[in-house]
Amino acid sequence: MNRPFPSTLAPVPPIAGRTLDAQLHLMDRQALDNDGVPVTTVDDLELSGPALETEIPEGTPAPILTALLTGPVLGTRIFGGRPPSSRLIRIPWKDVADVGVVIKLGVSGDSLDAGWVERWIRDKIIARIPGGRHDPR
Amino acid sequence: MKRLLGVALGVLTAIGGFVDIGDLVTNAVVGSRFGLSLVWVVGVGVVGICLFANMSGRVAAASGRATFEVIRERLGPRAGLANLSASFLINLMTVTAELGGIALALQLASSVHYLLWIPVAVVAVWLVIWRVKFSIMENVTGMLGLTLIVFVVALFLLKPDWGNLAGQALAPAIPGEETASSYWYYAIALFGAAMTPYEVFFFSSGAVEEGWSVKDLVQSRINVLVGFPLGGILSVAIAGCAAVVLLPAGIAVTSLSQVILPVAEGAGKLGLAFVLVGIVAATFGAALETTLSSGYTLAQFFGWSWGKFRRPAQAARFHLSMIICLLIGIAVLSTGVDPVLVTEYSVVFSAIALPLTYLPILIVSNDPQYMGEHVNGRAVNVLSMVYLVVILVASIAAIPLMIVTGAGS
C-alpha cells in the first residue's frame, strides 16, 4: 500500500535507531540505577516543546523527551490536574542507559533527587535500628 | 546428590508451607458441618494454585519481574492502584489472622491468654524478617510445618468408617440441616483458602529473592506440582478429622481448640504436642510470608528498592512499610476481635480479590516480550481459561452468598 500523504503534511522523517512507544515501553516501567538497585517506577514523562493550547507555527521542531518524572505527579496522573513545574521530580533522559523490560540508568541512585524519600527513611529510621546495616547474606 | 537434596527440601517446604491459618480453620469448620462433601473443592483449589504459582514463578524467572511490577505495567496507574488497594487490604487482613493464629496456638500450649502472646508473636515475626536469611526462614518454618502430618496420623488412629467417608467425598450431598447457599458459601471459602493471592505475591517475589533463572524452572515446577498436592492432603485430613469426631457430636468449629480436638482424641498427648508445634510453625511461616507480601506489593507498585537479600538500609521504605503493617496487625487484634472470625472473612475476601492478580499474570505469561520462548503452552492456556471462569464465578458469587447466609452462620 503506497498511499500518498495529503499535500499539506510533511512526510515522516526517517528515524535512526529504535522506535519506542512511550505508553508501552516507558510509562510505569521500573527504573534501576547502575548497580541494579530499583530507583522508582516511571510515573510520567516530560516533553519539551510548545505549551498547551498555543498556536504551533510551521517549522517548529518536534518535541523531545527531556525527563522521566516521579513523585507527586503519580497522584495527578490518577486523579487529574498538574503540579507546578518546580514540584516535579525529574530523572533527566540523558541519564537513561538502556530501555528493555526495565529502564536502566547510567548513574548511581544516590545522586538522584528521585531517591530522597528512600534516603531520608534510611538515615532517620531504618539505619538507626540495631542491625539495620547488617548484610543478610 | 546435592541437586536431589535441593528438590527434596523444596518439596518438603512446599508441603509444610501449604497450610496456614485459613486452611486450618476453614477445613475444620467445613469438616464439622459438611463432612467430606466439600473435599472436591480442595482438589479444584490445589490444581488452581499449582497452575497460578507455576505461571507467576515462570514470569519471575524468565523476565526477572515480580507480580506487582507486572500488574502496574499492564493495568496502568489507575486500575493498578485500585488493584493494589484491594490486594493490600486483604493481605493485611490475612497478616492479622496469622498473627492471631500464632497467639491462639501459643495460648493452647501455655494457658496464657492469647492477647498477651500477640506482642511476642509480632516481635518474633519482625526479628526474622529483619535479620534471618530468606532460604533459612523458608526451610525452617516449612519443615516444622510438616508436623501437621499428625492430622493424617490421627485420622487413621481414629479408625473411622472409611466407606462412609469415601461416600461423603465421592457422592457429595448437602447435609440435611444445612442450606444450599451455605454449602456454596463454604465452597468459595475453601477455594479462597487454597488459592490465596498472597501465596502468589510471595512465590514470584521469592523467585526474585533467590535469584531464579530459567534453569531453576524445572526444580520450581517439581516443588509446586508435588509439594502443593501433598499439602492438599493435609487439608483433607484436617477436614476428615473434624468430620469423624465433631460432625457426629454436632460441634460446629468456632475456635482453634476445636480444630485440634480430634487430634487429641485420636493421637493423645503426643499428637497434641505435634499439632501445637505444627500450628505455631504454619501460622508463623504464613505470618512471615504475608508480612513480606505486603511489603512486596507496595514496593513493586511504587518501584521502591525491596528484598530480604538486601541490607534493610538498602530497602528502607520496604522495611518501614512492613513494620507499619505489623503495628496495624497489633492494633486490630488488641481490640479483642476474634482471630478465627478474621480468618473466616479473610479467606472469602481472598476469593473475591483473586481475579485481580490472576488475570494480569495470565496475560503477561503469554507475552513474548517478557517471556521469550517460555510463554504458556496450549494445554496450560486451556486450563488457565477454565480456571479464569471458575475464579470469576467464585468472585462474583461470594458477596451475594455472604449476605444471604449471614457469612455462613
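**Notebook: helix 16, the A–B contact, and a strand pair**

I started just past the end of helix 16 of chain B, where B:Gly406 follows with a positive phi, near 60°. Note to self: this is a predicted model.

Next I went back along helix 16 itself. It covers residues 378-405 of chain B, 28 residues in total. From first C-alpha to last I get 39 Å, close to the 40 Å expected at 1.5 Å a residue. I still found a kink of about 35° in this helix, at B:Ala398, shortly before the proline B:Pro400.

Which residues of helix 16 of chain B are buried? I listed B:Ser384, B:Ile391, B:Ala394, B:Ser395, B:Ala398 and B:Leu401. So B:Ala398, where the kink lies, is on the buried list too. I then checked what these buried residues pack against: helix 3 (39-63), helix 9 (180-194) and helix 14 (339-364), which belong to chain B as well.

Then I looked up where the two chains touch. I have 28 residues of chain B in contact with 27 residues of chain A. On the chain B side, helix 4 (67-110), helix 5 (114-131) and helix 13 (316-333) each give two or more residues. Helix 4 of chain B has the largest share, seven residues. By class, I noted 12 nonpolar, six polar and 10 charged residues on that side.

Last stop, chain A. Strand 4 (residues 65-70) and strand 5 run antiparallel, joined by four bridges. I found A:Thr70 opposite A:Ile89 of strand 5. In strand 5 (residues 89-92), A:Ile89 and A:Ile91 make up the covered face, while A:Arg90 and A:Pro92 make up the uncovered one. Side chains in a regular strand alternate between the two faces of the sheet.

Technical notes
Residues numbered from 1 in each chain as written. Chains lettered and ligands numbered in written order. Predicted model: local features only at pLDDT ≥ 70, side-chain atom pairs only at ≥ 80, totals over all residues. Buried ≥ 20, exposed ≤ 12 C-beta atoms within 10 Å, placed from the backbone. Pairing = 2+ DSSP bridges. Contact = placed C-beta atoms within 7 Å. Nonpolar A, V, L, I, M, F, W, Y, C, P; charged D, E, K, R; others polar. Expected span 1.5 Å × (residues − 1). Bend = angle between axes of the 7 residues up to and from the residue.
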